[in-house]
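User: I'd like to learn how to read the features of a model like this one, step by step. Could you walk me through it?

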Amino acid sequence: MAISEYKGVWVFAEQRGGEILNVSLELLGKGRELADSLGTKLTAVLLGDQVKDIASELIHYGADEVIVVEDKLLKVYMTETYTKVMTKVINERKPDIILMGATAIGRDLAPRVSARIHTGLTADCTSLEIEEDTKNLLMTRPAFGGNIMATIICPDHKPQMSTVRPGVMVKMERDECRSGEIIELSSELTEKDVNVEIIEIVKEEKAKMKIEEAEVLVSGGRGLGKKENFATLELLAKELGGLVSGSRAVVDAGWIDRDYQVGQTGKTVRPNLYIACGISGAIQHVTGMEDSDLIIAINKNSTAPIFEVADVGIVGDVEKVIPAVIEELKALKE
Ligand code: FAD
């Protein structure tokens, strides 16, 4: 089949326990734009067990149609079953573009599906546009540690696949007046397709207090050197009655959870006191904290951009400065 015959923009509608993830709604917002500029349909693909009732929600958020595949074997996400069903539906219907959220599930599913259908995948895109002349999908993402933006195309294979992190795209206003078609397909899965048994699903305890609501934030960056050093930040936050947050670098490194990320793709915070420890002050971080009442920055590099937004700057090593500050605070209390 000629690649020009691949038609339509698809969004993988990720659901957990029957609840559609926000990132999928955000992707429908972007998908709507792409489909309109290509003059094609926007389709949401919803896999799960007894999920048909939530399909109309995807239409309210911009989809023209929803492909629903229900099967008790799809109740919880499993790599093999979801890959098999997605691959089958894509091979049958041949979409031009597929978008998935860069969630734990999307990051697992997208590369497997792209390998099975022999196409490319651009992960963690921050911008998606249609090139006017060629109608190629321009997939832009940070490269080389965020220092340059790379625009990637996949002109010789279809579909063009991309993942996008939560919070990057903007969802449309929910509109109950929107109508669309719901297409039910069979999964054709059998027990033989399942080689993994899920014994228990343990939900991670969510942040008890949101960083957006904290009056004091002690925020750590890559300059902390290692995950274990966050324990010192916790001590400082405890002394000040605040919470610990961080830059995207430390979230990406797995040192803290994404719920605590400050910045453009994290949370926007306005505490009374923001202490930036070992954070360089990249624009994407600063946009999320520059409205804090008092900003104290600790950085060993006196030319770090964080000092441009700081009210108080301490040039020094976090491993020495923070324990010293904690000692001082304790002494003051005694
Ligand atoms: P680095 O830039 O590596 O800085 C580490 C700092 O620590 C340096 O200034 C260094 O001098 C200092 N240091 C090192 N050792 C010590 C020490 N012992 N004592 C004291 N100081 C020390 N970033 C965000 O934070 N939030 C976002 O939401 C976000 N969104 C993004 C969205 C896009 C589209 C892109 C492209 C990027 C985004 N980023 C975001 C990433 C951002 O560009 C930076 O890469 C990131 O903020 C850098 O994190 P950092 O300051 O912790 O690390």
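User: Let's start with a loop. Where is His-118 found?

Analyst: Happy to help, and do keep in mind that this is a predicted model. His-118 sits in the loop that connects helix 4 (104-116) with strand 7.

User: What is the phi of His-118, and how should I read the value?

Analyst: The general idea first: most residues other than glycine have a negative phi. His-118 is not a glycine, yet its phi is positive, about 55°.

User: Which residues does a cis peptide bond join, and how do I place them in the fold?

Analyst: As a rule, most peptide bonds are trans. Here Lys-158 and Pro-159 are joined by a cis bond, with omega about -5°. Pro-159 belongs to the loop between strand 10 (148-152) and strand 11.

User: Strand 11 leads me to the sheets. What is the order of strands in the open sheet of seven?

Analyst: Reading across, the order is 7-11-6-1-4-5-12, and the pairing is parallel. Strand 7 (121-125) and strand 12 (181-185) are the edge strands, each pairing on one side only. On average, neighbouring strands in this sheet are turned by 25° against each other, direction ignored.

User: How many bridges join strand 7 to strand 11?

Analyst: Three bridges link strand 7 to strand 11 (residues 160-164), and the two run parallel. For a pair you can find on screen, take Cys-125, whose bridge partner in strand 11 is Val-164.

User: And what is the strand order in the open sheet of five strands?

Analyst: That order is 14-13-15-16-17, again written across the sheet, with parallel pairing. Strand 14 (243-246) and strand 17 (312-315) each have a single partner strand, so one side of each lacks a neighbour in the sheet. From one strand to the next, the twist averages 20°.

User: Which strand is joined by five bridges to strand 13?

Analyst: Strand 13 (residues 216-220) is joined in this way to strand 15 (residues 273-277), and they run parallel. Gly-220 has Cys-277 of strand 15 as its bridge partner.

User: Which strands does helix 9 touch, and which ones does helix 5 lie across?

Analyst: For each helix, look at the strands involved and then at the angle. Helix 9 (residues 318-333) packs on the sheet and touches strand 15, strand 16 (294-299) and strand 17. The direction of helix 9 makes about 135° with that of strand 16. Helix 5 (residues 230-240) lies across strands 13, 14 and 15, and runs at about 170° to strand 13.

User: Now the ligand. Which residues come nearest to it?

Analyst: Of the 26 residues around the ligand, the nearest are Arg-222, Ser-247, Val-262, Thr-265 and Ser-280. By class, this shell has six nonpolar, 16 polar and four charged residues. Helix 6 (248-252) and helix 7 (283-286) each contribute at least two residues to the shell.

User: Which ligand atoms lie 2.8 Å from backbone atoms of Val-262 and Ser-280?

Analyst: A polar backbone atom of Val-262 is 2.8 Å from a ligand nitrogen, while a backbone N or O atom of Ser-280 lies 2.8 Å from a ligand oxygen. Thr-265 uses its side chain: a polar atom there is 2.7 Å from a nitrogen of the ligand.

User: How much of the ligand does the protein bury?

Analyst: Taken alone, the ligand exposes 980 Å², and the protein buries 85% of that.

How values were computed. Residues numbered from 1 in each chain as written. Predicted model: local features only at pLDDT ≥ 70, side-chain atom pairs only at ≥ 80, totals over all residues. Heavy atoms only, no water. Pairing = 2+ DSSP bridges. Helix = DSSP H or I, 4+ residues; strand = E, 2+ residues; numbered from the N terminus. Axes fitted to C-alpha atoms, helices over the stretch in contact; angles between N-to-C directions. Contact = heavy atoms within 4.5 Å. Near = heavy atom within 4 Å. Polar contact = N/O pair within 3.5 Å; in protein donor to acceptor, adjacent residues only side chain to side chain. Areas by Shrake-Rupley, 256 points an atom, 1.4 Å probe, with all protein chains shown as cover. Nonpolar A, V, L, I, M, F, W, Y, C, P; charged D, E, K, R; others polar.
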